[in-house]
Each structure stands twice: as C-alpha cells, then as structure tokens.
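Colleague: I am new to reading structures, and I would love a close look at a single part of this one. Could you pick a helix and walk me through how its two sides fit into the whole?

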Amino acid sequence: MKKNYITEFKRSRWANAEFSREYRDNADIFVVERSRLLEIMKSFYRYFIGDSKKNNVLDLGCGDGILTHNLLEIDNTISATLVDASDDMLNKANERLHGFENINFIRASFQEILEKDILQQKFDFIVSSLAIHHLTMNEKRDFFKKIYSHLHPGGYFMNIDVMLAPTDALEQWYMQMWREWIDERKTSLGIEGNIFDDITRRYKEFDDNKPDTLDDQLSALRDIGFKEADCFYKYGVFAVYGGRK
Ligand SMILES: C[S@@+](CC[C@H](N)C(=O)[O-])C[C@H]1O[C@@H](n2cnc3c(N)ncnc32)[C@H](O)[C@@H]1O
C-alpha cells in the first residue's frame, strides 16, 4: 500500500500546534548558541555565495522562516522556497516574511520530496536547521542525494542540526553542556523554577529524533560528491556542516 507521508507527519509532534508554538517561543533558550549559528550561516552566505546575482535559496523544514529571514536581511534579492510539512509553521513563516518578494511556500514532508519531483528547480544555496535529524540515516543519505541533484554546479548545502555523539561518555557530557547552556539562558533572562529543565530528557525520549553522527553525515556527503564537505562549527550535539556541489 502506498504511504501517505503527510498522514505520517501528522503522527509526529511537529504536527501539534501547541508543540510547535512552544518551540517558536523558546528556541533561543532550547537551541544552544542559536544566534551564533545564524551568524555562521550568514558569514558562509556572504563569503561563498554573495549577492552579486539573484540567488535561489531553499529552506528545508523552515519552521517560522527564521533562516530565510536572516538571509533576506543581508540579501533582499534572494528568491526563496520554504518547505515544511506543518501548515501551522508555514503560516508563521508567511507572516514573518510578509512584504518580501519572490517567496514560495511548499507544504511537503521530506519523505514526499524523496518520493516525488516536488522541488522542480535548482538552487544556489540549500539550507536546513534542526529538521533533517528526523530522518533515518538511510533517508538522510537519499535526502542528501536529492539535495545534490537540486543544486546548481558550485551551489552549497548547509545543515545546522543535532548530532549523535560517537561515544556514550561524550553523549553524557554533551547533554550536560546543553543543560548548562539552558541554565545560563534562564539566569540571563531571569527565568526561575524548573521550567525547561527536562529538554535534554525529552530530546532523548522523543522517538521522532533520529540523530546520526557527524562523521556518518559528512561521509555520506563526500560519497555523494560534495566538495569541501566539512564541519564549520560544533558545540556538544549542535553542529553546522555542509559542502559544495
Ligand atoms: C525544530 S523545527 C526548526 C524550524 C526552523 N528551521 C528553525 O531552525 O527554527 C523543525 C521543523 O521541521 C519540520 N519537520 C519535521 N519533520 C519534518 C518532515 N519529515 N518533513 C518536513 N518538515 C518536517 C517541523 O514542522 C518544524 O517546522
């Protein structure tokens, strides 16, 4: 029987409006060094892609459009395509990017993108943040191939995501560092009580999270043919990596 991928996505927690609202409201606390991650993406864009021509950008698992919004702030000539399986997130992205031109939204799950020719164009920069870890390693590999096929020669892919640590000891420390980050943020924002203290436990228990090691993901990129595949930044489980077609 043919799978209905949107029905499958609806079983995930991201299909729950309350869950996605909680993420949007608190991502600056949950996501370690979120503003630094965005700065790295912008530096990469300025350095390798630049604004000398109109670039076609694809944002996979766009959420409320924060990545595209940050890129539009440094290059408002971008044509952007934002993909997410959640209507709720796409509505928020639409609100956030109101007033910008050349913005397209596609409601599709990554699994549908793997199955069908949904994207139908090539891009100069494909970016994703905190979404690809919902795919298994086999799906990730196929998804990276799909991404490669939708890049112009010389185009770049960047993924900002959570990684599986290569050993248990490192995993324990990375979780500890993550909790320390959340505590730091709570202190600086004057948040009291045990709110957000269970984020790392929830992350580990949530079976939609299927992180793989950075090494496996970089190897997959290199095997597919990505050049200059490297990790550009890492802090515990959070990493930024990518490569060029
Ligand atoms: C943690 S949020 C990240 C949103 C945004 N990229 C950011 O950095 O704030 C993950 C996003 O991926 C989307 N997502 C999760 N699984 C997906 C799938 N299988 N296909 C498409 N989108 C998915 C969710 O709806 C959500 O918007």
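**A helix with two sides**

Modeller: Happy to! Let's begin with the whole chain. In the protein chain, residues 24 or more positions apart account for 69% of the contacts with a separation of 6 or more. Please keep in mind that this is a predicted model. The secondary structure of the chain comes to ten helices and seven strands. A compact globule of 245 residues would have a radius of gyration near 18 Å, and the chain agrees with that, at 17 Å. Along its principal axes, the C-alpha trace spans about 50 × 45 × 40 Å. Of the 245 residues, 36% count as buried.

Now for our part, helix 10, which covers residues 214–224. Which of its residues are buried? They are Gln-217, Ala-220 and Leu-221. Looking down the axis of helix 10, you would find these buried residues within an arc of 95°, so they line one face of the helix. There is a handy rule behind such patterns: an α-helix has 3.6 residues a turn, so residues three or four places apart point the same way.

What does the buried side of helix 10 pack against? Its partners are helix 7 (137–149), strand 6 (227–235) and strand 7 (238–244). Turn to the face away from the buried side, and you meet the exposed residues Asp-215 and Asp-223. Just after helix 10 comes Gly-225, with a positive phi near 120°.

To place the helix in context, let's visit the interior of the protein. In soluble globular proteins, nonpolar side chains tend to be buried together. Here the largest nonpolar core has 54 residues, and those touching the most other members include Ile-126, Phe-125 and Phe-157. Strand 5 (residues 151–162) gives the most to this core, with five residues. Take Ile-126 as an example: beyond its neighbours within four places in sequence, its contacts are Leu-58, Leu-60, Ile-147, His-150, Leu-151 and Phe-157.

For a residue in a less enclosed setting, try Glu-39 in helix 3 (residues 34–49). Glu-39 has 13 other C-beta atoms within 10 Å, so it counts as partly exposed.

One last stop is the ligand, which is surrounded by 21 residues, the closest being Gly-61, Gly-63, Ser-86, Ser-129 and Ala-131. The elements giving two or more residues to this shell are helix 2 (17–30), helix 4 (66–74) and helix 6 (110–115). By class, the shell holds twelve nonpolar, eight polar and one charged residues.

Terms used. Residues numbered from 1 in each chain as written. Predicted model: local features only at pLDDT ≥ 70, side-chain atom pairs only at ≥ 80, totals over all residues. Near = placed C-beta within 6 Å. Helix = DSSP H or I, 4+ residues; strand = E, 2+ residues; numbered from the N terminus. Nonpolar A, V, L, I, M, F, W, Y, C, P; charged D, E, K, R; others polar. Buried ≥ 20, exposed ≤ 12 C-beta atoms within 10 Å, placed from the backbone. Arc of directions from axis to C-beta. Contact = placed C-beta atoms within 7 Å. Core = buried A, V, L, I, M, F, W, Y, C linked by C-beta atoms within 7 Å. Rg over C-alpha atoms; globule rule 2.2 N^0.38 Å.
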